[in-house]
Amino acid sequence: MADKRAERIAELIKPLRVKPGSKVNLSKDFDPAYKAGVLKKKDGVELLQTGIAMLADYQQRLAAQDRYGVLMCLQALDAGGKDGTIRHVMSGVNPQGVRVSNFKVPSAEELDHDYLWRYARRLPPRGDIAIFNRSHYEEVLVVRVHPENLRRQKLPEACKGKDVWDRRYREINDWERYLTDNGFKVVKMFLNLSKEEQRARFLKRVDLPERNWKFSPADARERARWSDYQRAFSQMLSATSTPWAPWYVIPADRKWFARICAAAVLVHTLIDIDPRYPEVGEDRRQELLAIRDDLVAQAPEGAPPDPFEAKEQAKARAKEAKRARGKDAKAEEKAEEKAEEKAAEAAVAAEIKELTEAATVPAQEAADGRRATRVTRSSRTSSQTATSGRTAAQGQTAARSRTPSRSRTTTSSRATPPRPRTRRPPADGQTS
């Protein structure tokens, strides 16, 4: 189960990772409204709770092992959702093992040191998680967009050349490599907010009185430098996403999805560390068993010798009973389904039979009718034929009775040849 969850988490955050050595164009390469295909907000609640539960479990292991520390860096423009992400994602962890640092304008003391000094002071001890709400990357973002901040850092003139930003990228990469080599994992997330979504969130802070405190006129002035910041972020991501400390660009237009992604990235880092609970030696184990026997012997009358063991056994029995009930319920459900299927099949068969019989009766009646019609027609035809025959015979008889002499005459004439006529001699004076 854990391996499958790890695979799903890795698949979720894969599109968010900035490939080391790639050149990033933030506006083209990453969509602030991306939400992993068909994933919906109602599904996000359960996913976030799963991530929080896994994070709590791994944090406990991290603290128990006491070998690694985790540094989580959050960068975003104003209204990007850094505070809300921290509040929701870290809601299930032990606050004793987490420390959040919010870096604002450097103090006079901080300006008297190198630019990484104040960040190094807030690094986590082993077994803890430190969160930088804004981080050392401010030194190549805000300071770059506002060069006047660089002048306030009291740098020698030789350190203010044109290569200052490339040099800082290299120094930051080296510092993060140093931390990683010493067992401190660096997790870097940039909450990618669209310009229109930032405008909507600013208006909400202005319109709601309870949110007025979160809005500053400086936020509106910084918004006017949107293009400069997009360019600075793109160059930063290109130059500082490394194999040992890659950047993840979190789509932040949907807060619920941004929190899921942030939790997934952090859990993925802890899964990669794979912290384990320490195992005690055999001597220590025997000592613990002896202490257990003594505590069991101290059980008062009526109390279980080992309350924890009794609870675990009760849980196991309840779980087994639930599993058995589940099996019985599934068996009953399957039996009911089969009975319903048989009933449905019987009903369909009965309906088909009824329809067939209903269709057969008219057909039989029609066939009987056709046979009756044929019989009737046949009898009529026979009667008509007989009648016609009788009529014809009678007609022939009547005809014979009406012309007997003619027939006989005709027959006689045919038997007796006619006699020749006697020619008289012509009278005197006539010619023949």
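**Loop after strand 1**

I began with alanine 79, which sits in the loop between strand 1 and helix 4. This is a predicted model, so I read every value here as computed. Alanine 79 has a positive phi of about 70° although it is not a glycine. Most residues other than glycine have a negative phi, so I made a note of this one. Is alanine 79 buried or exposed? Its relative accessibility is 8%, and the cut-off for buried is under 20%, so alanine 79 counts as buried.

**Arginine 134 and its partner**

Next I looked up arginine 134, in the loop between strand 3 and helix 7 (142–145). Here too phi is positive, near 75°, in a residue other than glycine. With a relative accessible area of 19%, arginine 134 is buried, because the limit for that class is under 20%. Which side chain meets arginine 134 in a salt bridge? I found glutamate 138, at 3.6 Å from N to O. Glutamate 138 is buried as well.

**More salt bridges**

How many salt bridges does the structure hold? The count is 23. Side chains of opposite charge can pair when their charged atoms come close. I wrote down two further pairs:

- Glutamate 157 meets lysine 160 at 3.5 Å, N to O. Glutamate 157 is exposed, with a relative accessible area of 63%, whereas lysine 160 is partly exposed at 27%.
- Arginine 225 bridges to aspartate 228, with the closest N and O atoms 2.8 Å apart. Arginine 225 is partly exposed at 28% relative accessibility, and aspartate 228 is partly exposed at 26%.

I also found a network of salt bridges that links Glu110, Arg118, Glu139 and Arg168.

**Arginine 152**

I then went to the loop between helix 8 (147–151) and helix 9 (164–181), where arginine 152 lies. Its relative accessible area is 48%, so arginine 152 is partly exposed; exposed would need over 50%. The C-alpha atoms of arginine 152 and leucine 111 are separated by 7.6 Å, although these residues are 41 apart along the chain.

**The largest nonpolar core**

For the interior I turned to the largest nonpolar core, which has 46 residues. Which members touch the most others? They are Leu55, Val70, Met90, Met189 and Ile250. Several helices and strands supply at least two residues each to this core, among them helix 1 (2–13), helix 3 (41–65), strand 4 (184–192) and strand 5 (247–251). Strand 1 (69–76) and helix 4 (82–89), which I met on either side of alanine 79, are also on that list. The largest share, 14 residues, comes from helix 13, which spans 255–273.

**Surface patches**

I finished on the surface. Val280, Leu288, Ile291 and Leu295 make a nonpolar patch of about 330 Å². Of these, I checked leucine 288, which lies in helix 14 (residues 282–297) and counts as partly exposed at 30% relative accessibility.

Helix 15 (residues 307–402) took my last two look-ups, starting with glutamate 340. Glutamate 340 belongs to a negative patch together with Asp328, Glu332, Glu333, Glu336, Glu337, Glu341 and Glu345. With a relative accessible area of 55%, glutamate 340 is exposed. Lysine 338 is found in helix 15 too, and its patch is positive: Lys327, Lys330, Lys334, Lys338 and Lys342. Lysine 338 counts as exposed, at 56% relative accessibility.

Methods:
Residues numbered from 1 in each chain as written. Predicted model: local features only at pLDDT ≥ 70, side-chain atom pairs only at ≥ 80, totals over all residues. Heavy atoms only, no water. Patch = residues over 30% accessible without salt bridge, like charges linked within 9 Å, V, L, I, M, F, W, Y side chains within 5 Å. Areas by Shrake-Rupley, 256 points an atom, 1.4 Å probe, with all protein chains shown as cover. Salt bridge = Lys/Arg side-chain N within 4 Å of Asp/Glu carboxyl O. Lys, Arg positive; Asp, Glu negative; His and termini not counted. Charge placed at Lys NZ, Arg CZ, Asp CG, Glu CD. Helix = DSSP H or I, 4+ residues; strand = E, 2+ residues; numbered from the N terminus. Buried < 20%, exposed > 50% of the residue type's maximum accessible area, 1.4 Å probe, protein only. Core = buried A, V, L, I, M, F, W, Y, C linked by side-chain atoms within 4.5 Å.
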